[in-house]
Structure formats: structure tokens, C-alpha cells
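Trainee: I'd like to go through the contacts in this one and ask how each label was earned. Could you set the values against the cut-offs for me?

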Protein chains: 2
Amino acid sequence: MNIGDAAASSGVSAKMIRHYESIGLLSAARSANGYRVYAERDVAVLRFIRHARDLGFPLEDVRRLLGLWHDRQRASAEVKKLALAHVAALETKARSLDAMAASLRHLAANCHGDGRPDCPILDDLARKE
Amino acid sequence: MNIGDAAASSGVSAKMIRHYESIGLLSAARSANGYRVYAERDVAVLRFIRHARDLGFPLEDVRRLLGLWHDRQRASAEVKKLALAHVAALETKARSLDAMAASLRHLAANCHGDGRPDCPILDDLARKE
DNA sequence: GTGGGGCCTCCCATGATGGGAAGGTCAAGC
DNA sequence: GCTTGACCTTCCCATCATGGGAGGCCCCAC
């Protein structure tokens, strides 16, 4: 299987497959012509990476998760710990964005939003602090 | 006022002040020795930028906001429109993070988290899809 | 006049992804 | 057999906002 097929059946772009290889998440055999060759096992790894990325795990976490996945002796506690730390990070980030949205929504609510130039939003951005 | 003082009183790092200048958000006079020179007016602009960044506006939005701020004839409607579009983007992003967190939290809840190797989190990441 | 701190420019790095150029390879159709 | 087009290769560049650091100039206080 060449990289294009691996990309199609894993949902990871060929570009990213090469990138993941370059940072050592993956390795690929090469055929005589220099093309990367993939087996089903590799496609499974790529899908794993994609799923982890879909959950927002940074690639360094993905690297650790792959290590834990490949280690059949790992304790599930390690995986859970990593996952919950990531959940906390996601929620912290989400709360931060919500706070920004709420502040801005409040400012916007006090803005006429008509043809007049007065604008509490700009006034707030221009505040001396 | 040199860049260090402008940084201290605006809360924007000297590094970022130079960067903002390089992308045209700001301009600075130069003294005979080549040092950038800032007036209170410039510090106000820097604070404006910082506040907008604190609300998560990307620099391209900041550029537009600065334009609207400098234009005393602008209609507040334009500012409000920009602000609400950004609020929507922030909320979309926050909901996306929350969805990831909820999925992962659900998986983690079903993971023993003890010394055993079984782990629904890894099973899910390894699913064929 | 020397030392230290501030300033200058320029390059590099982050994290994940994509775009694109220049060139090699292969298979199908004529 | 030769062309064509699709695929593959590597390498460089861009994004977005920010920081680190090197090498070198400038200025003030001691």
C-alpha cells in the first residue's frame, strides 16, 4: 500500500503522514523505488493518531499514548491520568474562551450598533490600564 | 520614551511592539541614534492592541478595530458586527473544546484506572473508522 | 574609560497543517 | 515504444502570535 492509499483509508493526509514519520510517531518501509509502503497495522496507527488528534491531544501526548497502546503491560491508570489531565486543559481553555466571549458580548450589548459613532466596545479597548 | 518604557507602561513586550510595527499596526519615530521613540499616544495604541488581544481578537481584527477607532466618523454598527462575529467564533471554539472534553471524560469514566491493562480510552482511539 | 544595561537587526523555534516546486516512477492507452 | 497523467519523492515556505538569543551599537554612571 502506497502513501495515497494509506491516507485514504486512515483519513490522515499524505502530507501529515510524512510529517508524523519525520517526528518519529511512525515508521514506514520503502519499496525499491523509494516509495513508502504501508501495511494494515500502519493504517491502524494512523487512525489512532487521528482519533487522538480529534480529541485535541497534542502530538507529544499522542506519542505517549501510542507508547502505552503498544505496551500491553501498561496500567490503565497511566492512560487515565493522561486523559484526565488533557480534559482539564481542554476545559480550562474552553472556560477562558467563554470568559472572553462573555466580556465581549456584554460590551456589544451596550453598543447601539447604529450609525452613531459612540461605541462602548472601542471605549473599553481604549481604557487606560 | 524608548521602547522599554513603552513596553512597561503598555504591558506589551518590546519584542511584540517591534513585531506590531513590522506588520504595520504601529509606527514609531526614531531618535538620532536609531532608537524608537514613543509618545503617550503610542502607548494608548499599544494598550488598545493588548486589550483586543486579551479578548482573543486575531491581529487582523485588531488592525480593523484600530482603523475604526481612529476614524471618528465610523458607525458603531461596524464595530458591533466585528465584535459579535468574534463572539460567535469564540463560542464555536469553546463548544468544540467542551465536546472533546465531554467525550474524553466519558471514556475516562469507563476506565478502571488501576493496574490492569484494559483501557476503553485506548480501545476507542484504536477503533476502526 | 570601563562596565552594565538598553537598544538595534536578524535568525530560529514553537505546533499542526497546508501549498507548491522540481523531479523521479509507474501504468495505461495509442 | 512512447506519451500522458497520476502518483511518489524531497525541500522550502506560509500560517499565527510569541519568545529566545546572537552579535553589535549606544549611552550613562562610576
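Mentor: Happy to, and keep in mind that this is a predicted model. Start with Arg36(A): an N or O atom of its side chain is 2.8 Å from a phosphate oxygen of DNA strand D.

Trainee: What makes that a polar contact of Arg36(A) with DNA strand D?

Mentor: A polar contact needs a pair of N or O atoms within 3.5 Å. The Arg36(A) pair sits at 2.8 Å, so it qualifies. Arg18(A) passes too, because its polar side-chain atom lies 2.9 Å from a phosphate oxygen of DNA strand D. From chain B, Leu59(B) has a backbone N or O atom 2.7 Å from a phosphate oxygen of that strand.

Trainee: Which residues are closest to DNA strand D, and how many surround it?

Mentor: There are 18 around it, and the closest are Gly4(A), Arg36(A), Lys15(B), Tyr20(B) and Leu59(B). Sugar and phosphate make up 70% of the strand D atoms that come within 4 Å of the protein. Helix 2 of chain B gives the most to this surface, with four residues. By class, the surface has seven nonpolar, six polar and five charged residues.

Trainee: And what surrounds DNA strand C?

Mentor: Again 18 residues, with Lys15(A), Tyr20(A), Leu59(A), Tyr35(B) and Arg36(B) the closest. Sugar and phosphate account for 71% of the strand C atoms within 4 Å of the protein. Here helix 2 of chain A brings the largest share of the surface, four residues.

Trainee: How do you know that Leu59(A) makes a polar contact with DNA strand C, given that leucine counts as nonpolar?

Mentor: The class is about the residue, whereas the contact is about the atoms. A backbone N or O atom of Leu59(A) lies 2.7 Å from a phosphate oxygen of DNA strand C, so the pair meets the 3.5 Å limit. Arg36(B) also uses a backbone N or O atom, at 2.7 Å from a phosphate oxygen of strand C. Arg18(B) reaches a phosphate oxygen of this strand with its side chain, at 2.9 Å.

Trainee: Moving to the protein interface, why is the link between Arg95(B) and Asp98(A) called a salt bridge?

Mentor: The rule asks for a side-chain nitrogen of Lys or Arg within 4 Å of a carboxyl oxygen of Asp or Glu. Arg95(B) and Asp98(A) meet at 3.0 Å, N to O, so they fit. The rule finds four salt bridges between chain A and chain B. It also finds 22 residue pairs in polar contact there. On the chain A side, helix 5 gives the most, with 22 residues.

Trainee: What area is buried between chain A and chain B?

Mentor: About 4600 Å², with carbon and sulfur atoms giving 68%. Leu104(A), Leu122(A) and Leu125(A) lose the most area in chain A, together 14% of what that side buries. As for contacts, 54 residues of chain A touch 54 residues of chain B.

Trainee: Last one: there are two aromatic pairs over all chains, so why is the one of Phe48(A) and Trp69(A) called stacked?

Mentor: Ring centres must lie within 6.5 Å to pair, and planes under 30 degrees apart count as stacked. Phe48(A) and Trp69(A) have 4.4 Å centre to centre and 15° between the planes, so both conditions hold. The two are 21 residues apart, Phe48(A) in helix 3 and Trp69(A) in helix 4 of chain A, and the pair links distant parts of the chain.

How values were computed
Residues numbered from 1 in each chain as written. Chains lettered and ligands numbered in written order. Predicted model: local features only at pLDDT ≥ 70, side-chain atom pairs only at ≥ 80, totals over all residues. Heavy atoms only, no water. Near = heavy atom within 4 Å. Polar contact = N/O pair within 3.5 Å; in protein donor to acceptor, adjacent residues only side chain to side chain. Contact = heavy atoms within 4.5 Å. Buried area = accessible area lost by both parts, 1.4 Å probe. Phe/Tyr/Trp six-rings, centres within 6.5 Å; stacked < 30°, edge-to-face > 60°.
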